Amino acid sequence: MDELFSVSRPRREIAPGAVHVPDWLDPDEQRELVESCREWARPPAPMRHTLLPGGGRMSVSTVCLGWHWSPYRYTRTAVDVDDAAVPPLPDRLVELGRRAVADAYDDPAAGNEYEPDTALINFYDRDARMGMHQDKDERVSAPIVSLSFGDACLFRFGTSESRGRPYTDVRLESGDLFVFGGPSRFAYHGVPVVYPDTGSARCGLATGRLNITLRSTGLE
């Protein structure tokens, strides 16, 4: 019945190099990745609320693969959690990232060249937010790949010059892909709103929003 009333959401270039691909992952792929995230979130180096240098605590909880991110650096151990070694980035996430870049840019060569070496997995409960920020702790400017699961959110995508306007608001649903690189690689972006109870149980997440972000650090 849902399919009879579904609204078409076309692929859209939000800004040069920033592409939104709705429903990129089917429910089976989503469910498999959600289950994997549950395993990756376990100790050692478990999911945590990151502490910021000013003493604040992020409302989003995060676990990392490949490299551990803490403000504002990457390390091989979870230095702000339990100093355990960070699990490696699985090959299947590397391949997923390559497929994402190829599909978003309609360019197989760009996908083949993409070499992600870390994943940040963020969990948002109904009250979690992510302020406008740039992903600029990496030493290379390879694209950022973002995958969404569970509850929908409002994703705010701006420019590289300012946290404020102009920006474009995009609703990201479970299974959506968002890739930003090229001229938009260092654009400010954030999640001001999560829409509770909008996800489908088919993805394996009963509540909240899960986000997998793939990056290339440029580190050895």
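**Close-up views of a predicted model**

His189 is buried, with a relative accessible area of 6%. This residue belongs to the first of the views described below, all of which show a predicted model.

**View A. The three residues annotated as "binding site" in UniProt.** An unreviewed UniProt entry applies the annotation "binding site" to His133, Asp135 and His189. The three span 57 residues in sequence, yet no two of their C-alpha atoms are more than 8.8 Å apart, so they gather at one spot. His189 lies in strand 13, which covers residues 189–195, whereas His133 is found in strand 8, residues 130–133. His133 counts as partly exposed because its relative accessibility is 22%, and buried residues are those under 20%. The side chains of His133 and Asp135 make a polar contact of 3.4 Å.

**View B. Surroundings of His133 and His189.** Beyond four places in sequence, His133 touches Ala187, Tyr188 and His189. On the same basis, His189 is in contact with Gly131, Met132, His133, Gln134 and Asp135, and also with Phe155, Arg156, Phe157 and Phe180. Both His133 and Asp135, which share the UniProt annotation with His189, are thus included among the contacts of His189.

**View C. Asn122 in strand 7.** Asn122 lies in strand 7 and is buried, its relative accessible area being 8%. Its side chain is joined to that of Thr62 by a polar contact of 2.7 Å. Leaving out residues up to four places away in sequence, Asn122 touches Val60, Ser61, Thr62, Met130, Arg209, Leu210 and Asn211. One of these, Leu210, is 88 residues from Asn122 in sequence, but the two C-alpha atoms are 5.8 Å apart in space.

**View D. Helix 1 and the elements that cover it.** Helix 1 comprises 14 residues, 27–40, and at 1.5 Å a residue it should span 20 Å; its end C-alpha atoms are 20 Å apart, in agreement. The buried residues of helix 1 are Gln30, Leu33, Val34, Ser36, Cys37 and Trp40. Seen down the helix axis, these buried residues fall within an arc of 165°, so they line one face of helix 1. Among the elements covering them are strand 4 (57–65), helix 2 (91–105), strand 7 (118–124), strand 9 (144–150) and strand 14 (209–215). At the N-terminal end, helix 1 is capped by Asp26, a side-chain oxygen of which lies 3.0 Å from the backbone nitrogen of Asp28.

**View E. Helix 2 and the residue that follows.** The 15 residues of helix 2 should span 21 Å at 1.5 Å a residue, which agrees with the 21 Å between its end C-alpha atoms. Buried positions in helix 2 are Leu93, Val94, Leu96, Gly97, Arg98, Ala100, Val101, Ala102 and Ala104. Asp106 follows helix 2 and has a positive phi, near 50°.

**View F. The annotated domain and the confidence of the model.** UniProt, in an unreviewed entry, lists residues 115–212 under "domain: Fe2OG dioxygenase". Over residues 115–212 the chain is 45% strand and 0% helix, with end C-alpha atoms 16 Å apart. The mean pLDDT of the protein is 95, and 97% of its residues reach 70 or more. Over residues 1–5, by contrast, pLDDT stays under 50, and the model has zero contacts for these residues beyond four places in sequence.

Conventions
Residues numbered from 1 in each chain as written. Predicted model: local features only at pLDDT ≥ 70, side-chain atom pairs only at ≥ 80, totals over all residues. Heavy atoms only, no water. Helix = DSSP H or I, 4+ residues; strand = E, 2+ residues; numbered from the N terminus. Expected span 1.5 Å × (residues − 1). Buried < 20%, exposed > 50% of the residue type's maximum accessible area, 1.4 Å probe, protein only. Arc of directions from axis to C-beta. Contact = heavy atoms within 4.5 Å. Polar contact = N/O pair within 3.5 Å; in protein donor to acceptor, adjacent residues only side chain to side chain. pLDDT = per-residue confidence, 0-100. UniProt positions renumbered as here; feature names shortened; annotations may be inferred.
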